[in-house]
Amino acid sequence: MKHSADLTSLLQQLLEQCRPLYSQGKVANYIPALAQVAPQHAAVAIATLDGQVHSAGDARLNFSLQSISKIFGLVMAMNRLDDELWQRVNMEPSGQPFNSIVQLEWEKGIPRNPVINAGAILVADVLVSHYSASKTAFLTFLRRLTGEQNIYADQQVYLSELEHGNRNAALAYLMKSFGNIEAEVPLVLEHYFHQCATAINCEQLAQSLLFLANRGVQPGSNEQICSRRDAHRVNAILSTSGMYDQSGEFAFKVGLPAKSGVGGAIVAIVPQFGVITAWSPPLNRFGNSVVAMQLISNLADELGLSLF
Ligand code: DON
């Protein structure tokens, strides 16, 4: 492993190298509040199991967590339901865009995996049905993982998504028609949009997910956040589906479990080592940040982090 100062200067160097790629992507605008974010922002952070955090760029500036929230929701749901969860949602890559509807009808309301929108809405149903105040429980979970109180849901993003959430509502009602959603659909969507609207920064996000690199144990507090088996399962799902229909390419080029969000962030888990996060708002056609993907790819290459 590189010396601390060397690692920080490597992050700065890679950030400046990759930053110009932002002009190749487009900031998400199907959620209008996200379209207001400046496209030039860029950040990278790496948190390691020994408690160190290194970063470069806008690593303490908040962004919208969006689909990366699906990881936290899934871990919370796995902590409440055992194998019953896997009868309601599958664990296969979808080969379809993250908000696709077509497969869901063919497959009788069972989402392909928990990180496409349909799957995450199903997970939101589990949370609404098994936690007395699921939105608060979600934020409390993130605050516990980061050790910081200033993690909150951005109201403007939340309302913007609620207002423009017809596609997600369609997914939820389709699953409800198959009997795979227990709670009332508006309550489930409210939870889902709320968790997607979480505001967080790169340093906090990297630290929050260290337990996935450490067999379920959060290194700072030594708390068992999920079982070793579930940490394995989440990493497996992130490896095969976390980057949607670019997951194969990401495994091919980078070789780490990862998850993207339309806020422009990507998180990659490096088992037994730490967590990398990168953020830059412009996205490619798969909904993955152009700069963040390249940054993580170059960093993993430079440090030899691939699992394969
Ligand atoms: O439901 C949506 O469409 C957004 N709240 C989240 C989508 C997302 O982040 C996909 N990731 N790349």
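Arg215 is found in the loop between helix H11 (210-213) and strand E6 (217-218) of this predicted model. Although Arg215 is not a glycine, its phi is positive, at about 55 degrees. Most residues other than glycine have a negative phi. Arg215 is partly exposed, because 17 other C-beta atoms lie within 10 Å.

A second residue with a positive phi is Asn222, for which the angle is near 65 degrees; this residue, too, is other than glycine. Asn222 is placed in the loop between E6 and strand E7 (223-224). Asn222 counts as exposed, because it has 8 C-beta neighbours inside 10 Å.

**Helix packing**

Two helix pairs are described here, with their geometry in the table.

| Helix pair | Crossing angle | Axis separation |
|---|---|---|
| H5 (residues 117-130) and H9 (residues 185-196) | roughly 105 degrees | within 8 Å |
| H2 (residues 69-80) and H6 (residues 134-146) | about 105 degrees | 11 Å |

With axes that cross at roughly 105 degrees, H5 is roughly perpendicular to H9. On the H5 side, the residues that meet H9 are Ala120, Ile121, Ala124, Asp125, Leu127 and Val128; their partners in H9 are Leu187, Val188, His191 and Tyr192. By class, this contact contains 8 nonpolar, 1 polar and 1 charged residues.

H2 and H6 pack at an angle of about 105 degrees, and they are therefore roughly perpendicular to each other. Here Phe72, Gly73 and Met76 of H2 meet Phe138, Phe141 and Leu142 of H6. The residues of this contact divide into 5 nonpolar, 1 polar and no charged.

**The nonpolar core**

The largest nonpolar core has 101 residues, of which Val44 and Ile296 touch the most other members. Helix H5 supplies the largest share of this core, with 9 residues. Ile296 is in contact with Val254, Ile266, Ala268, Ile276 and Ala278, leaving aside its neighbours within four places in sequence.

Helix H5 also holds Val123. This residue is buried, because 29 other C-beta atoms lie within 10 Å, and 20 or more suffice for that class. Apart from neighbours within four places in sequence, Val123 is in contact with Gly73, Leu74, Ala77 and Pro114. One of these partners, Gly73, is also among the H2 residues that meet H6. The C-alpha atoms of Val123 and Gln218 are separated by 23 Å, and the two residues are 95 residues apart along the chain.

**Helix H8 and its contacts**

Ala169 lies in helix H8 (residues 166-177). With 15 C-beta neighbours inside 10 Å, Ala169 counts as partly exposed. When residues up to four places away in sequence are not counted, Ala169 touches Val185 and Leu189. Ala169 and Val185 are 16 residues apart along the chain, and their C-alpha atoms are separated by 7.6 Å.

**The ligand shell**

The residues around the ligand are Gln66, Ser67, Phe98, Asn99, Asn117, Glu161, Asn168, Cys196, Ser260, Gly261, Val262 and Gly287. By class, this shell has 3 nonpolar, 8 polar and 1 charged residues. Two members of the shell, Asn117 and Cys196, belong to the helix pair described above, in H5 (residues 117-130) and H9 (residues 185-196) respectively.

How values were computed. Residues numbered from 1 in each chain as written. Predicted model: local features only at pLDDT ≥ 70, side-chain atom pairs only at ≥ 80, totals over all residues. Near = placed C-beta within 6 Å. Nonpolar A, V, L, I, M, F, W, Y, C, P; charged D, E, K, R; others polar. Axes fitted to C-alpha atoms, helices over the stretch in contact; angles between N-to-C directions. Helix = DSSP H or I, 4+ residues; strand = E, 2+ residues; numbered from the N terminus. Parallel < 35°, antiparallel > 145°, perpendicular 65-115°, else oblique. Contact = placed C-beta atoms within 7 Å. Core = buried A, V, L, I, M, F, W, Y, C linked by C-beta atoms within 7 Å. Buried ≥ 20, exposed ≤ 12 C-beta atoms within 10 Å, placed from the backbone.
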